[in-house]
Amino acid sequence: MPYLDTLNAKFAGAFTTSSFRDNQRVLVDAEQAPKVLFALLKCLKEECGFNFLTDIGGVDYLGYAGATDRYCVVYGLTNLATGERVWVKAFANDPEPELPSVVELWKGADWMEREVYDMYGVRFPGHPDHRRILMPSEYTGHPLRKDYPLRGYGERHNFPTVTRADS
């Protein structure tokens, strides 16, 4: 994996790696992520050929055995020339989980970052349109957080009813 040589030369000590079956992962902890994530992803795109952002997703590690950080944002990258893939896992913690926006690198990150914000509450400073995408704008919770009550906070009862005729 030549991209690891490039990353080690530029970001030595800022990340660790792991693999599971054929999935190669680059892990950036919550202390390093705000400082190096954007530059690391830019390096993977421009110098290592990972020019396609396949996916951005969120994970809440609350209560997970051995987890040291609470939230994880997973970036799936593909090198379209070689078909090689890498997953970059960047971590963030409470009270204000934040990671830099990558919309500048991949326009397709726009809606994916909004979804992670909406469901997990991870903010992306630098995002051009940081508002909810799935939940109503007046919704105050983040329903995929593991500490979110199974029955909700009662916000559903405050939403206006929209009839089929009005929709």
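Here is a short chat about reading helix H2 and the nonpolar core in this predicted model.

Biologist: Let's start with H2. How many residues does it have, and what should they span?

Modeller: Count 1.5 Å a residue, and the 14 residues of H2 should span 20 Å. The C-alpha atoms at its ends sit 19 Å apart, which agrees.

Biologist: Which residues of H2 are buried?

Modeller: Those are Ala33, Val36, Leu37, Leu40, Leu41, Cys43 and Leu44.

Biologist: Why do they line one face of the helix?

Modeller: The general idea first: an α-helix has 3.6 residues a turn, so residues three or four places apart point the same way. Now look down the axis of H2: its buried residues fall within an arc of 155°, so they line one face. Turned away from that buried side is a face with the exposed residues Lys35 and Glu46.

Biologist: And what do the buried residues of H2 pack against?

Modeller: They pack against H1, E2, E4 and E5.

Biologist: OK, on to the core. Which residues have the most contacts inside the largest one?

Modeller: Leu41, Leu44 and Tyr75, in a nonpolar core of 39 residues. Several elements each supply at least two of its residues, including helix H1 (2-11), strand E3 (52-60) and helix H3 (109-120). The largest share, seven residues, comes from H2.

Biologist: Let's zoom in on Leu44. What is it in contact with, leaving aside neighbours within four places in sequence?

Modeller: Leu44 touches Tyr3, Leu7, Gly49, Phe50, Leu77 and Val88.

Biologist: Which residues does the second core include?

Modeller: That separate core has six residues, among them Leu27, Ala30, Tyr61 and Cys72.

Technical notes: Residues are numbered from 1 along each chain as its sequence is written. This is a predicted model: local features need pLDDT of at least 70, side-chain atom pairs count only at pLDDT 80 or more; totals for chains, interfaces and linings use all residues. Side-chain values use heavy atoms; hydrogens and water are left out. A nonpolar core is a set of buried Ala, Val, Leu, Ile, Met, Phe, Trp, Tyr and Cys residues joined through side-chain atoms within 4.5 Å. Buried means under 20% relative accessible area, exposed over 50%, partly exposed in between (1.4 Å probe, protein chains only). Helices (H or I, at least four residues) and strands (E, at least two) are DSSP runs, numbered from the N terminus. Contact means heavy atoms within 4.5 Å. The expected span of a helix is 1.5 Å times one less than its number of residues. The arc is that of the directions from the helix axis to the C-beta atoms.
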